Amino acid sequence: MNNWRVDGKGRINRDKRVRFTFDGVSYQGYEGDTVASALLANGVHLMGRSFKYHRPRGPVTAGSEEPNALIGTSRSGAGRFEPNTRATVQELYEGLTTVSQNKWPSLNFDVGAVNDKLHKLFAAGFYYKTFMWPKSFWDKVYEPVIRASAGLGVSPTEPDADTYASRYLHTELLIVGAGPAGLAAALTAARNGTDVVLVDENRELGGSLLSEAPSAIDGKNTESWLAAVIAELEACDNVRIMTRATAIGYYHENMVGVAEKLTDHMENPPANAPRERMWRIRAQEVILAQGALERPLVFDGNDRPGVMMAGAAQTYLNRYGVKVGNAAVVVTSHDSAWYAAFDLADAGVKIPAIVDVRTTVNDYLQSEAQKRGISAKVGHSVTSVSGTKRVSGVKVGRISGDQHVTDIISIPCDAVLMSGGWTPSLHLFSHTKGSLHWDEENEVYLPGERTERCHIAGGGRGLWSQQAAFDDGVHAAQQALISLGQNAPGLSVDVDGDRAGSGIVMEELPSNDDKLAGRAFVDFQNDVTAKDIRLAVREGMLSIEHVKRFTTNGMATDQGKMSNMNGLKIAANELGRPTPKVGLTTFRPPYTPTTFGTFAGYHKDELFEVTRKTNIDGWAEENGAVFEPVSLWRRAWYYPKAGEDMHAAVARECRETRASVGMFDASTLGKIEVVGPDAAEFMNRMYTNPWTKLASGRCRYGLLLGEDGFIRDDGVIGRISEDRFHVTTTTGGAARVLTMMEHFLQTEWPDLDVWLTSTTEQWSTIALNGPNARKVLEPFVKGTDLSAEAFPHMALRECTVGSFEARLFRVSFTGELGFEVNVPSEHGRALWEMLYQEGKKYDICVYGTETMHVLRAEKGFIIVGQDTDGTVTPADAGLTWAIGKKKPDFVGKRSLTRPDMLLPKRKQLVGLLTEDPSVVLEEGAQIVETGDTAIPAKMLGHVTSSYWSEVLGRSIAMALIEGGFERNGTSIDIPMPGQTHRATVSGTVFYDPDGDRIKM
Amino acid sequence: MLLIHCPYCKEKLPELEFEYAGQAHIARPENPAEQTDAEWRDYLFIRSNVRGDHAEQWRHSHGCGRYFNALRNTVSDKFIATYEIGQACPTSHAEGEENNEQLES
């Protein structure tokens, strides 16, 4: 179909052609291609622009470590655009739409590329240095311009339309990576009957076997050996194989997170199929067989499209049947690139030269090169690359004794294949805090001490050759099986014509340029050059952690898979220190970029967080309530009638409740049953109030402090019987209070005979408030006299209300005659409807949380967490009356006499009445002395609660103010944008200060 | 994710079922009223911040609901031992050695 496909090569399905688009142009590839391999097969190397300099870039790898070829992909339907997809990973399917990134107006002509010309301005640390002056330019000029041109790709604008799944899995042995080492380990364990999970990020098993030219394994060619092994593993009941599954993180106790891609490769995914699934795999033993990643060489122009890893070119040839160019110069410091050159040469690609920076290379490689007519330039270096959107040639010269380059010649080419050797892939091992030790001879970090039950096999241990990887995989499996207490028979895999090799690790390649001048890239994705790293060191960055942050080397989405070692080597060279002394940055999960959807799994929308609803919630919904969230509950906020806004509805609810009767769903109140012979003693120790003398059938306001003396919670507490208390807590505090009670009971007072039970969801609680509350309730109550004499304020009865067993409290959070009826929660709505029906005789009003807040504020009742903030003592809140003076101790008592708790200038809770009664202050507004217009003014405190009081015909507020009690009757100011409000400090009880109304 | 052995359930269970509850073996003074301000301050606020083995309370909040003590290494984040409330902190780490060993490579 075009000039870059090689007949007879590759594992693509040549019978199935696939059409796709890139930047609007239609191309053709084959099933089995990636976007990158298909574009390369069409001669397209230019796939994107870089992050900072907008330099033209093409793919530099053929795998998940790709830093350059990041594209946007759109799958069918809205909400399925994804930026920064690696073209080297995205599998091709019919109709796939892809676009390039970081370019404007087009990939071929990009205005932002001017940054490249200005690169001296954008040197390491430019962000910290260049835009310092003038200061006023930052907001208006620098930041908007930088923001507009920075960033990788474009964020999706629509909600993600896909679903994601998650599962747990337990196994004896998890093997990560299905290259030669992983396959050998899997075979060894599978034949032993061990439970094995084998995961690999690719669509098919084989790892580097897929990239190498066919050799002979156990007397078969690679392809048929691989097919036979896969068939054997697939036939084993004890083996689970997962492909397109990336082990992204290695967590405590051998838990490995595996992100499995399920539909991204499909033209027509099954309806409702999850896009990805997160596996949490807990394995008794883990084998990490993730191989090694090839390092780039650092030379001027090493980022030009057409310059790529030698191993990648080999993969494109052997796996995808694509030659990456017609004339490829190879530049290397490792034997492996020679084999890549041979593979390409054998496929008909012209190799004008193999440039090896080492002084000697073994005779076998040299003779193999000679056989193919390849010019082997040992002891040579590449000094520069020509071509902008595609490499057109290289300059090559001999490295002289003083590291200068002489006899420079130009060699035309359309591809440059580089190899700086191989870095063991130890990211997951590092997640476990396993130590790495520096192997001086091979200049490589290798796995050291382990913290988890894991074994590293193959390339991860610095081994380089198929035979070594197979043998090491078998060995690792045997170690794991022994650790599992199983038999550990070995097996042998014999490779014929194994390609062993070695190499050296380089800084920037020798050239005659000033080391601070070239454009030799270390981190392609973040546009960090060797010059940047040397500059960072010269400016005082001594540790690699500093260098990383100053230059951003290794901080891109590829986490420096290709750049870390080169950056380290250059920094060490500039510092004049041994590499291991410069340190190593830490790898953290995820191994490759992972979608938020995969992490979220099922936890989105209504499954993100539970919405708790009372039994009466359905009635509220049917009757037009507007809801608000209160902790996890959804509560009716107000009940607007036709034409009413919130203000009008709340004013009406307040008015009608105080005038006749209002009904409120208080079921969300936290409830704890405290039961046992020592229940009263326990309550005495927990709450500030005295409980011993509280009679059965009575209730009392209870105040709970932390041991630090600050208010934690409050609520009405009823004594049902000698050994039983019905404790109520704030809606949001229920779980916290129970936890605190359990903590004290279990760890400090295990001698107390008390049981605590959360009963919040066992009771529906209906509050009736207002002068007519008794009349509405009375017809339904059996066996109890509700008269003021027989059933006074703060009394409680167990009785029957409307045929339901009930706990009936006479309490009031509004200052009106009030009752709270608790019935088993399933009967809540039934009772609610009965009471509502009866209440119609009295124009009953159903009110929500907003009216509840207003009515309680009119009476100065506090809301813990609104009028208190964790620094408020009972005295600060005017609640000293709630403290049992004769009690020797309760939680927090000792703290109340700590010196700072007694200071007169503490912030104290007071009322505020604005000079202009129509002004409703903003809650949270800061308070200053009158006339204090200094900037900044001294802030005395803040408004905690503020409402329009319908019954008073004016606004009211509560506030925490420094020395607030002393200020009673004086003025303070509340500066707000555009206007400063003045208010008078008052007491907190605004309505019915004598409390006559609750006595009705 | 850590696996934590609940000494009451006698089972090793995922970290998700548990919550941390502060440093262990800090007894509430018998008679707080007799505490000096400094003594009470220390009880309230002063905690060790060890690099190494740390005795702490945990709660099996999504299991049996009970509080227990644990000895955990703050560097390796591994549990050396868990034991019931009221029991002394194990001085010998015999139980923990198996869990906390640095496995040989």
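Me: Which residue forms a salt bridge with A:E212?
Reply: This is a predicted model, in which local features need pLDDT of at least 70, side-chain atom pairs count only at pLDDT 80 or more, and totals for chains, interfaces and linings use all residues, while side-chain values use heavy atoms and leave out hydrogens and water. Residues are numbered from 1 along each chain as its sequence is written, and chains are lettered from A and ligands numbered from 1 in the order in which they are written. With a salt bridge taken as a side-chain nitrogen of Lys or Arg within 4 Å of a carboxyl oxygen of Asp or Glu, the closest N and O atoms of the pair are 3.2 Å apart, and the partner of A:E212 is A:R499.

Me: How many residues apart are A:E212 and A:R499, which link distant parts of the chain?
Reply: A:E212 sits in the loop between β9 (196-199) and β10 (216-217) of chain A, with helices (H or I, at least four residues) and strands (E, at least two) being DSSP runs numbered from the N terminus. A:R499 belongs to the loop between β29 (495-496) and β30 (521-523) of chain A, and the separation of the two is 287 residues.

Me: How many salt bridges are counted between chain A and chain B?
Reply: Over all chains the count comes to 67 salt bridges. One that joins chain A to chain B is the pair A:R894 and B:D37, whose closest N and O atoms are 2.7 Å apart. Between chain A and chain B, the count is five.

Me: Which three residues of chain A supply 23% of the area that chain A buries against chain B?
Reply: The contact (heavy atoms within 4.5 Å) takes 32 residues from chain A and 35 residues from chain B. The two chains bury about 2900 Å² between them, 46% of it on carbon and sulfur atoms, where buried area is the accessible area (1.4 Å probe) that two parts lose on being put together, summed over both. Supplying more of chain A's buried area than any other three residues are A:H252, A:R450 and A:R894.

Me: How are α12(A) and α14(A) oriented to each other?
Reply: Helix α12 (residues 530-538) and helix α14 (residues 564-575), both of chain A, pack with their axes 9 Å apart and at an angle of about 45°, the axes being lines fitted to C-alpha atoms over the stretch in contact and the angles running from 0 to 180 degrees between N-to-C directions. Angles under 35 degrees count as roughly parallel, over 145 as roughly antiparallel, 65 to 115 as roughly perpendicular and the rest as oblique. The two helices, α12(A) and α14(A), are therefore oblique.

Me: Which residues of α13(A) does α12(A) meet?
Reply: α12(A) packs with helix α13 (residues 544-551) of chain A at an angle of about 120°, with their axes 10 Å apart, and these two helices are therefore also oblique to each other. From α12(A) come A:D532, A:I533, A:A536 and A:V537, and they meet, in α13(A), A:V547, A:F550 and A:T551.

Me: What is omega for the cis peptide bond that joins A:I935 and A:P936?
Reply: Most residues other than glycine have a negative phi, and most peptide bonds are trans. A cis bond joins A:P589 and A:P590, with omega about 0°, and A:P590 lies in the loop between α15 (579-582) and α16 (596-600) of chain A. A:P936 is in the loop between β47 (926-929) and β48 (941-949) of chain A, and for the bond joining A:I935 and A:P936 omega is about -5°.
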